Amino acid sequence: MADEKKMLSSRLTLIARHLSRSPAALISTRKCQFSVNQNQKLTVNHRGNMYRTEERGAPNTLEHRIFFRNEFGPISPFHDIPLFANHEQKVFNMVVEVPRWTNAKMEICKEEPLNPIKQDVKKGKLRFVANCFPHHGYIWNYGALPQTWENPNFVDERTGCKGDNDPIDVCEIGHRVAKRGDVIQVKVLGTIALIDEGETDWKVIAIDVNDPLASQLNNIEDIEKHMPGFMNATVEWFRIYKIPDGKPPNEFAFLGDAKPREFALEVIEETHEHWKKMVAGQVDCHGVNSTCVSAEGAPCKVSISEAQEIVKKCPELSDGPIIENEVDKWHYTHLLK
């Protein structure tokens with residue numbers, strides 16, 4: 001009988017130890033491995049699992065918002081999600097705003113506290129990007145690198161233009177169609193420099209580290225080798241996508257040529273430094289709301305309970321209207337040769 005009690009006590013102790021490990025602790029200790037090349041394995045903290053989204057308001061309306069949460073409560077995807085998933089090995093977190101093949105122009109809202117994702121508005125109406133044949137919507141998972149800022153106070157000597165006051169845009173070219181609000185870890189391959197109405201608008205080209213092609217794509221030239229025609233299609237997409245709205249073709253720095261990985265990494269590091277100064281209140285923020293929960297050096301931090309109150313000010317999730325068929329229209333737009 002004494003032996004049975006002793007055995008039962010041991011089992012209860014083991015169960016207690018197991019239960020004492022919270023879900024957050026279990027998540028934070030998980031790792032994922034992926035190949036960068038044939039000779040190197042990288043290990044990245046599996047932080048993407050720590051984030052989830054909370055929708056508020058009715059989809060397809062002006063009030064719809066997508067807030068972000070970690071295991072503790074609401075956060076800002078702009079300021080609280082770290083730029084680096086692995087700083088030493090240059091693996092980055094990416095916030096997905098627009099999944100591939102969709103055309104609702106969703107973006108991190110710079111002006112609102114906690115910076116939820118919302119749909120861009122043009123002339124009082126929700127904005128949908130025109131579908132330029134043969135594409136429907138965006139041809140990559142499109143989003144942003146958190147904790148970066150293209151500084152409108154600063155003339156980029158590489159392009160001769162000031163920044164566009166946004167976090168850096170990312171085109172993730174992997175095979176999986178992501179979900180809006182996903183936080184994925186990406187390897188940077190290079191960048192192109194769109195000049196949008198006189199402002200520098202970097203478009204970083206990257207791939208999900210878990211994509212089957214990730215081990216074979218290590219620089220911008222590898223894309224043509226394994227995905228022939230994709231970069232040409234990318235440049236054309238950005239050049240013509242505003243033409244159906246009556247605007248001229250977009251222009252690029254460097255004649256539209258893509259710059260390599262190391263060049264892109266320098267741009268990212270530079271915009272990260274600009275973000276640090278902006279979120280700390282050291283420069284003119286040009287209307288960017290820096291309300292956050294945990295960003296280092298930020299004076300506008302709020303508590304978890306205060307962040308929750310910000311979210312609750314938005315209406316609860318409800319059914320929205322059906323989108324009109326007009327947003328699926330194809331536009332046969334091509335550049336004159």
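This passage describes the overall make-up of a predicted model and then several of its residues.

The chain has 337 residues, and 50% of them count as buried. Its secondary structure comes to six helices and 21 strands. The exposed surface amounts to about 16,900 Å². Carbon and sulfur atoms supply 52% of that area. Among contacts in the chain with a separation of 6 or more, 68% link residues 24 or more positions apart.

Ile-66 offers a view of such packing. The residue sits in strand β4, which spans residues 65-69. Its relative accessible area is 3%. Ile-66 is therefore buried, since the cut-off is under 20%. Leaving aside residues up to four places away in sequence, Ile-66 touches Thr-53, Glu-54, Glu-55, Met-106, Pro-116, Ile-117 and Arg-180. Val-311 is 245 residues away from Ile-66 in sequence. In space, the C-alpha atoms of Ile-66 and Val-311 are 9.5 Å apart.

Two leucines show backbone angles of note. Leu-114 has a phi near 70 degrees, a positive value in a residue other than glycine. Leu-114 lies in the loop between β8 (106-108) and β9 (117-119). Leu-255 also has a positive phi, near 60 degrees. Its place is the loop between β19 (251-252) and β20 (259-260). The surroundings of the two residues can be set side by side. Leu-114 has 0% relative accessibility and so counts as buried. Leu-255, by contrast, is exposed, because its relative accessible area of 78% is over the 50% cut-off.

A cis peptide bond joins Phe-133 and Pro-134. Omega at this bond is about 10 degrees. Pro-134 belongs to the loop between β12 (131-132) and β13 (141-144).

Phe-133 also takes part in a surface feature. Together with Trp-330 and Tyr-332, Phe-133 makes a nonpolar surface patch of about 340 Å². Trp-330 is found in strand β21, which covers residues 330-331. The relative accessibility of Trp-330 is 39%. That value falls between the 20% and 50% cut-offs, so Trp-330 counts as partly exposed. Phe-133 thus appears in two settings: the cis bond to Pro-134 and the nonpolar patch with Trp-330 and Tyr-332.

Methods. Residues numbered from 1 in each chain as written. Predicted model: local features only at pLDDT ≥ 70, side-chain atom pairs only at ≥ 80, totals over all residues. Heavy atoms only, no water. Helix = DSSP H or I, 4+ residues; strand = E, 2+ residues; numbered from the N terminus. Buried < 20%, exposed > 50% of the residue type's maximum accessible area, 1.4 Å probe, protein only. Patch = residues over 30% accessible without salt bridge, like charges linked within 9 Å, V, L, I, M, F, W, Y side chains within 5 Å. Areas by Shrake-Rupley, 256 points an atom, 1.4 Å probe, with all protein chains shown as cover. Salt bridge = Lys/Arg side-chain N within 4 Å of Asp/Glu carboxyl O. Contact = heavy atoms within 4.5 Å.
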